[in-house]
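Work through the exercises below with the sequence and the structure open. Try each task before reading its solution.

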Amino acid sequence: MNRTQIFAAGLFLSFVGRATATTPDSRIANFSCLATVNSGDPTPLTLGFVQISADPQPLGEPLLIRAVGPSLAEFGISSPLADPEMTMWKNGQDFGPMTGYDISSVFAAEASGAFPLVEGDADSALMYGLAQGNYTIQIGSATNLNGKVLGEIYNQNLSDPLNYLSNLSALSYVHASSSSTLGFVLVGPVSRTILIRAVGPALSAFGVPQTMPDPMIVLYGSYNGARGVIASNAGWLGNLEVASASSTVGAFSLSQGSKDAAILVTLQPGAYTFTLSSISGAAGTVLGEIYLLPKALNSRQ
């Protein structure tokens with residue numbers, strides 16, 4: 001699987017931020033992935049997305065992109081990555097490594113409701129105007145250290161219906177008896193039907209090494225006034241609705257007998273997280289994906 005093929009999943013940790021802007025139609029305001037990265041992992045942590053934008057190049061849409069390591073200690077997260085570094089590609093073109101942050105990213109974080117980074121820590125953040133296209137962001141250590149890191153992407157323009165993020169993903173290597181946590185914030189006036197997938201076995205067809213043999217999704221959020229598990233899946237079993245939704249959004253197909261996981265669910269605006277782990281506790285590479293289905297299909301309940 002090349003980098004431009006890895007663009008499709010959901011992300012955002014519930015404590016990471018909030019979105020208060022109103023939108024003409026509900027969309028994803030921000031997404032993230034919390035994962036452990038080791039220099040010896042067979043695959044790096046990689047976030048992906050499609051930027052849809054009507055803005056003229058090269059201005060594009062302003063996004064806040066962050067790789068948070070040291071500041072995670074403020075939330076009691078152990079073993080944070082000391083020196084996170086980001087490298088971004090557009091359609092295979094390398095933008096080069098990115099470390100540190102400046103005042104523009106600080107202001108953008110305040111506007112987005114993102115938690116502040118600890119001054120002087122070696123977290124990475126930047127504001128970037130991105131024209132329409134497919135993007136991937138690889139996150140690791142600048143000096144081959146190990147630790148937990150949070151990758152985040154925030155949409156800074158929620159009022160323009162012609163500019164939005166689509167096909168969101170996170171590729172991560174999950175260690176034995178562990179998990180990656182992904183999440184997203186859905187903002188706007190209406191509910192949206194969303195397809196969430198955890199792809200493990202199917203990645204082998206793209207040449208991805210050491211894939212997770214039996215991924216499981218557990219989706220958390222608020223339902224009927226209480227926060228808890230909304231849905232879960234382990235083994236999609238050729239579900240016809242999932243297959244149809246995958247085809248509609250342009251996701252690559254899963255074989256009917258595979259142990260990849262998928263959830264099709266209609267969600268109200270709010271903050272959601274989901275974990276990716278192995279049923280058997282095995283280690284392996286897994287691709288978490290999130291797709292918003294077209295508005296015409298949002299009547300599904």
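## Exercise 1: Confidence and overall make-up

**Task.** What pLDDT does the protein average, and where is the pLDDT below 50?

**Solution.**
- Step 1. The model is predicted. The protein averages a pLDDT of 86, and 87% of the residues score at least 70.
- Step 2. The pLDDT is below 50 over residues 1-22. This stretch still has 107 contacts in the model beyond near neighbours in sequence.
- Step 3. Next, the secondary structure: two helices and 16 strands.
- Step 4. Of the 301 residues, 55% count as buried. The accessible surface comes to about 12100 Å², and 51% of it belongs to carbon and sulfur atoms.
- Step 5. Take the contacts between residues at least 6 apart in sequence: 82% of them join residues at least 24 apart.

## Exercise 2: The open sheet

**Task.** In which order do the eight strands of the open sheet run, and which are the edge strands?

**Solution.**
- Step 1. The order is E5-E4-E7-E2-E9-E16-E11-E14, with antiparallel pairing.
- Step 2. Strand E5 (93-98) and strand E14 (261-267) are the edges; each pairs on one side only.
- Step 3. Neighbouring strands of this sheet are turned by 15° against each other on average, direction ignored.
- Step 4. Helix H2 (residues 240-249) packs on the sheet. H2 touches E9, strand E11 (192-199), E14 and strand E16 (284-292). The direction of H2 makes about 100° with that of E11.
- Step 5. Inside the sheet, strand E2 (residues 45-52) and strand E9 (residues 164-174) pair antiparallel over six bridges. Val-50 has Ser-166 in E9 as its bridge partner.
- Step 6. At the E5 edge, four bridges join E5 to strand E4 (residues 84-90), again antiparallel. Met-86 has Met-98 in E5 as its bridge partner.
- Step 7. E4 and E5 form a hairpin with two residues between them. Asn-91 in the turn has a positive phi of about 50°.

## Exercise 3: Strand E3

**Task.** Why is strand E3 (residues 61-68) described as largely enclosed by the rest of the structure?

**Solution.**
- Step 1. Count the buried residues, using under 20% relative accessible area as the cut-off. Seven of the eight residues of E3 are buried, so the strand is largely enclosed.
- Step 2. Seven bridges join E3 to strand E6 (residues 124-130) in the antiparallel sense. Pro-62 stands opposite Gly-129 in E6.
- Step 3. E3 also pairs antiparallel with strand E8 (residues 147-155), over six bridges. Here Ile-65 has Ile-153 in E8 as its bridge partner.

## Exercise 4: The nonpolar cores

**Task.** Which residues touch the most other members of the largest nonpolar core?

**Solution.**
- Step 1. This core has 45 residues; Phe-49, Ile-65, Ile-137, Ile-153 and Phe-184 touch the most other members.
- Step 2. Strand E1 (residues 27-37) gives the most to this core, with five residues.
- Step 3. Another core, of 18 residues, lies apart from it; among them are Ala-251, Ala-262, Tyr-291 and Leu-293.
- Step 4. Now follow Ile-153. Leaving aside neighbours within four places in sequence, its contacts include Ala-29, Phe-31, Leu-47, Phe-49, Ile-65, Ile-137 and Leu-165.

## Exercise 5: Thr-275

**Task.** Is Thr-275 buried or exposed?

**Solution.**
- Step 1. Place the residue: Thr-275 lies in strand E15 (residues 270-278).
- Step 2. Thr-275 has 16% relative accessibility, so Thr-275 counts as buried.
- Step 3. Not counting residues up to four places away in sequence, Thr-275 touches Ser-180, Thr-181, Met-216, Ile-217, Val-218 and Tyr-220.

Methods. Residues numbered from 1 in each chain as written. Predicted model: local features only at pLDDT ≥ 70, side-chain atom pairs only at ≥ 80, totals over all residues. Heavy atoms only, no water. Core = buried A, V, L, I, M, F, W, Y, C linked by side-chain atoms within 4.5 Å. Buried < 20%, exposed > 50% of the residue type's maximum accessible area, 1.4 Å probe, protein only. Contact = heavy atoms within 4.5 Å. pLDDT = per-residue confidence, 0-100. Areas by Shrake-Rupley, 256 points an atom, 1.4 Å probe, with all protein chains shown as cover. Pairing = 2+ DSSP bridges. Axes fitted to C-alpha atoms, helices over the stretch in contact; angles between N-to-C directions.
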